[in-house]
Amino acid sequence: LTSDELSEELDREFWALFKAHYEAVFVTSTDMQTRAVEWAIAVCEQLGQTLPPWMMTKDQVEAIRKLQSAIGSGVESELREAAIFAKQADYKSDQQLAQMYESAMEQLRKLKRLPAGWEVHDLVGDDATAKMFKKVDITGDSLTTRQFQRLFDQTNLGLVTRDRAGAMPRGYKVQKVESVWNVDSWSSYIGRLDAMTEQCKKFPGDAPVADWSRWSGPLLTDKFGTDILAEARLPSLAAGANEFHSTGPIPNLHMRSP
């Protein structure tokens, strides 16, 4: 072997041994990981080598530390800050970091009681102080668009009201379906729903209402709205609060009315 070949062989053996120790010992302690990464970086700089691809970077180790702390505290602002730092540190390139990131996202979802159909990753964004808000155009989802079209087709009664100007349209065509992910509004809605559910418990037998038709006729939107909620992976209506689908101008896909 030439001196260069011998040197390369020694490097391979060294990093193979270091990797075994790194995976067996260092991953159990964030502090040890940090020291190991810092040491490896210094060695690589001295030898003019690149850091082995199986090692986390210093930022990724710090991301794990931040995520561990945030998950332990359960504080929304800390979870968001740690998640953003992990994204900037390329969390997807390391399995351990990716798993911890997803755990933080799931904890944030549970903390805010967000629907399964909302992508927390997208809502977190790149600024921990910004509102968690996003509009998602789902017109391309042919099934959802058809469901909304059926809702308009089947609930249009063609009634002329006093504020009607011009000819009565024969029907309506759905041009766009947009889902609004507004975490602040959702939290407000959940708080109001919880309060109404508790209030309804004080009147046994009044919730859920067994037959809405005795009040103002059948709920024409019931079947269509239920199908839309299921397709959009949104929670079903809360019978305990006598919640029902509305056709009013409510800026949410699920068209709820407490």
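In the predicted model, ring pairs link F14, W15, F18, W39 and W54 into a cluster. This cluster belongs to a wider set of aromatic contacts, since a search of the whole structure finds 12 aromatic pairs. Within the pair formed by F14 and W39, the ring centres lie 6.0 Å apart and the planes meet at 50°, so the arrangement is classed as tilted. The two residues bring together distant parts of the chain, with F14 located in helix α1 and W39 in helix α2 (residues 30-47), 25 residues apart. Both rings retain some accessibility: F14 is partly exposed, at 34% relative accessibility, and W39 is likewise partly exposed, with a relative accessible area of 41%. The rings of W15 and F18 adopt another geometry, with centres 5.6 Å apart and planes at 85°, so this pair is edge-to-face. W15 and F18 are 3 residues apart in helix α1 and are therefore separated by about one helical turn. W15 counts as buried at 12% relative accessibility, and F18 counts as buried at 11%. An aromatic ring also takes part in an interaction with a charge: the charged end of K66 sits over the ring of F85, 5.2 Å from its centre.

The nonpolar interior was examined next. The largest nonpolar core comprises 56 residues, of which L67, W118 and V124 touch the most other members. Helix α5 (residues 95-112) makes the greatest contribution to this core, with 7 residues. When neighbours within four places in sequence are left aside, V124 is in contact with R80, A83, I84, K87, M105, L108 and M132. One of these partners, R80, is found in helix α4 (residues 76-88). Although arginine carries a charged side chain, R80 is buried, with a relative accessible area of 6%, a value below the 20% cut-off for burial. Residues up to four places away in sequence not being counted, R80 touches L108, V124, D127, A128, T129, A130, K131 and M132. L108 and M132 thus appear among the contacts of R80 and also among those of V124.

Charged side chains were then considered. Side chains of opposite charge can pair when their charged atoms come close. The structure holds 12 salt bridges. In one of these, R12 is joined to E9, and the closest N and O atoms are 2.7 Å apart. R12 and E9 are separated by about one helical turn, because they lie 3 residues apart in helix α1 (residues 3-24). E9 is partly exposed, with a relative accessible area of 29%. The side chains of D126 and K87 meet in a further salt bridge, at 4.0 Å from N to O. This pair connects distant parts of the chain, D126 being in the loop between α6 (120-124) and β1 (133-137) and K87 in helix α4, 39 residues apart. D126 counts as exposed, at 68% relative accessibility, whereas K87 is among the residues in contact with V124. A salt bridge is also formed between K176 and E178, whose closest N and O atoms are 3.7 Å apart. K176 counts as exposed at 52% relative accessibility, while E178 counts as partly exposed at 30%. In addition, salt bridges that share partners join E76, R80 and K112 into one network. The buried residue R80 is accordingly a member of this network as well as a contact partner of V124.

Helix α10 (residues 222-231) was examined for the distribution of its buried and exposed positions. F224, G225, I228 and L229 are buried in this helix. These residues cover an arc of only 135° around the axis, which puts them on the same side of α10. K223 and A230, by contrast, are exposed on the other side of the helix. Just after α10, R233 takes a positive phi of about 55°.

Note on methods. Residues are numbered from 1 along each chain as its sequence is written. This is a predicted model: local features need pLDDT of at least 70, side-chain atom pairs count only at pLDDT 80 or more; totals for chains, interfaces and linings use all residues. Side-chain values use heavy atoms; hydrogens and water are left out. Helices (H or I, at least four residues) and strands (E, at least two) are DSSP runs, numbered from the N terminus. Buried means under 20% relative accessible area, exposed over 50%, partly exposed in between (1.4 Å probe, protein chains only). Contact means heavy atoms within 4.5 Å. A nonpolar core is a set of buried Ala, Val, Leu, Ile, Met, Phe, Trp, Tyr and Cys residues joined through side-chain atoms within 4.5 Å. Rings of Phe, Tyr and Trp (its six-membered ring) pair if their centres lie within 6.5 Å; planes under 30 degrees apart count as stacked, over 60 as edge-to-face and the rest as tilted. A charge sits over a ring if NZ of Lys or CZ of Arg is within 6 Å of the ring centre and within 35 degrees of the ring normal. The arc is that of the directions from the helix axis to the C-beta atoms.
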